[in-house]
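Here are my notes on the model, as numbered points. Have the sequence and the 3D view open while you go through them.

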Amino acid sequence: MSKRLNRQIVLASRPEGPPVESNFRLEESSIPSPSEGQVLLKLHYLSLDPYMRGRISAAKSYAEPTKIGSIMEGATVGEVIESRSADFKTGDMVLSYSGWQEFATAQDTSLRKLDPTIAPLTTALGILGMPGFTAYSGLLTIGKPMKGETLVVAAATGPVGSAVGQIAKIKGARVIGIAGGAKKCRALLDEFGFDSTIDHHEADFAQKLAAACPQGIDIYFENVGGKVFQAVLPLLNKFARIPVCGLIAHYNHDTSSESAGYVPLFMRDILTKSLTVRGFIQSDFSSQRSDFHRDMEEWVSKGKIHYREDIIGGLENAPKAFISLLEGGNFGKLIVKVG
């Protein structure tokens, strides 16, 4: 072990506009040793998520930005290979937030032990992890879907969007998914059981969305922003609810000019339609985690909820995969197989 090195990917510079591979740097360092109450992990899987774009920006947000030269953060699934904790033994598989590297030490209180007999280990980064919990908590707490209502979700083949649509179907709502390309739209119907889909690349996207929502929209789960939100806005019903989870269309550029046209209209609709608009971070609802694990594990085991994973091999490929994620290049939960 002492002769091996730990490979890590650090933030080399802050992007100006869309990230490029030169914003990241692969480094090597000694493998750390655990202190009392810690374990040494060999990381097997790394989660890549849109929120990481905010972390590499210096802009003020709900969390501190990653410092230049620091390891890129992210959720991981790893194996305990050395333990100085009474709660974990060698061979245990755990969820941690160890970031973009091959080995890491972690405090035992920050870990969640995983049972591979319940579900594949990678699901701890997707449907049974943060993305699934984001969908569950945001939809049920803010969206409050009811039988017969119409829900629209953008980025619908992503790990959050696909879960949102399927949970809404379980609750009896009619679900319309917005995605990019015929392949993704077809999967929403055939694989995830949505009622209707719209390709946002099509020139008549707004007209097709309106046709798919003849009774208007009661819940819009916001993952995207941009032109998708502009098409949704006039279709919102009175008392519609909008959980705001992400704005991936805006992450890579300044939006002040493009937003100016519809902000006054949106503010008017908030008033005249009595809209509920709430941004949220999944940690806002941490008290619901036990309910989430109970419900989601049951839904997945019974085939009520399906999921996709897009697994890329090699830690060194994480920057390229992350850049592609922000451009919509993934299909399902994007995961790096570290080894």
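1. A word on accessibility before the rest: buried means under 20% relative accessible area, exposed means over 50%, and partly exposed is in between (1.4 Å probe, protein chains only). By that yardstick Ile 71, at 30% relative accessibility, counts as partly exposed. As for the ground rules, this is a predicted model, where local features need pLDDT of at least 70, side-chain atom pairs count only at pLDDT 80 or more, and totals for chains, interfaces and linings use all residues. Residues are numbered from 1 along each chain as its sequence is written, and side-chain values use heavy atoms, with hydrogens and water left out.

2. Staying with Ile 71: look for it in the loop between helix H1 (52-55) and strand E4 (76-83). Helices (H or I, at least four residues) and strands (E, at least two) are DSSP runs, numbered from the N terminus. If you set aside the neighbours within four places in sequence, Ile 71 is in contact (heavy atoms within 4.5 Å) with Gln 8, Ile 9, Val 10, Thr 66, Gly 99, Trp 100 and Gln 101. Glu 309 sits 238 residues away from Ile 71 along the chain, and the two C-alpha atoms are separated by 24 Å.

3. Now the H2 and H3 pair. Two packed helices are described by the angle between their axes and the distance between the axes. Here the axes are lines fitted to C-alpha atoms, for helices over the stretch in contact, and angles run from 0 to 180 degrees between N-to-C directions. Helix H2 (residues 130-143) packs on helix H3 (residues 159-170) at about 45°, with the axes 8 Å apart. H2 and H3 are therefore oblique to each other; under 35 degrees counts as roughly parallel, over 145 as roughly antiparallel, 65 to 115 as roughly perpendicular, and the rest as oblique. The crossing of H2 past H3 is right-handed, that is, the near helix is turned clockwise from the far one by less than a right angle (anticlockwise would be left-handed).

4. Who meets whom there? From H2 come Pro 131, Thr 134, Ala 135, Tyr 136, Leu 139 and Leu 140, and from H3 come Pro 159, Val 160, Ala 163, Val 164, Ile 167 and Ala 168. By class, that contact of H2 with H3 has 11 nonpolar residues, one polar and no charged ones. For the classes, Ala, Val, Leu, Ile, Met, Phe, Trp, Tyr, Cys and Pro count as nonpolar, Asp, Glu, Lys and Arg as charged, and the others, Gly among them, as polar.

5. H2 also packs with helix H9 (residues 289-301), at an angle of about 105° and with the axes 10 Å apart. H2 and H9 are therefore roughly perpendicular to each other. Gly 132, Phe 133 and Tyr 136 in H2 meet Arg 289, Asp 291, Phe 292, Asp 295, Met 296 and Trp 299 in H9. This contact divides into five nonpolar residues, one polar and three charged.

6. Two residues inside these helices are worth a click. Ser 137, in helix H2, counts as buried at 0% relative accessibility. Beyond its neighbours within four places in sequence, Ser 137 is in contact with Ile 142, Phe 280, Phe 285 and Gln 288. Gly 161, in helix H3, is buried with a relative accessible area of 1%. With the same kind of neighbours left aside, Gly 161 is in contact with Val 153, Ala 154, Ala 155, Ala 156, Phe 194 and Asn 223.

7. Please look at two backbone angles. Ala 155 has a positive phi of about 50° although it is not a glycine. Ala 155 is in the loop between strand E8 (150-153) and H3, and counts as partly exposed at 36% relative accessibility. Phe 239, also not a glycine, has a positive phi of about 70°. Phe 239 is in strand E12 (residues 236-244) and counts as exposed at 52% relative accessibility.

8. Last, the cysteines. How many disulfides does the structure hold? Zero, taking a disulfide as a pair of cysteine sulfur atoms within 2.5 Å. For Cys 185, the nearest cysteine sulfur, that of Cys 213, is 13 Å away; Cys 185 is buried, with a relative accessible area of 8%. The sulfur of Cys 245 is 19 Å from the closest cysteine sulfur, in Cys 185, which is too far for a bond. Cys 245 counts as partly exposed at 25% relative accessibility.
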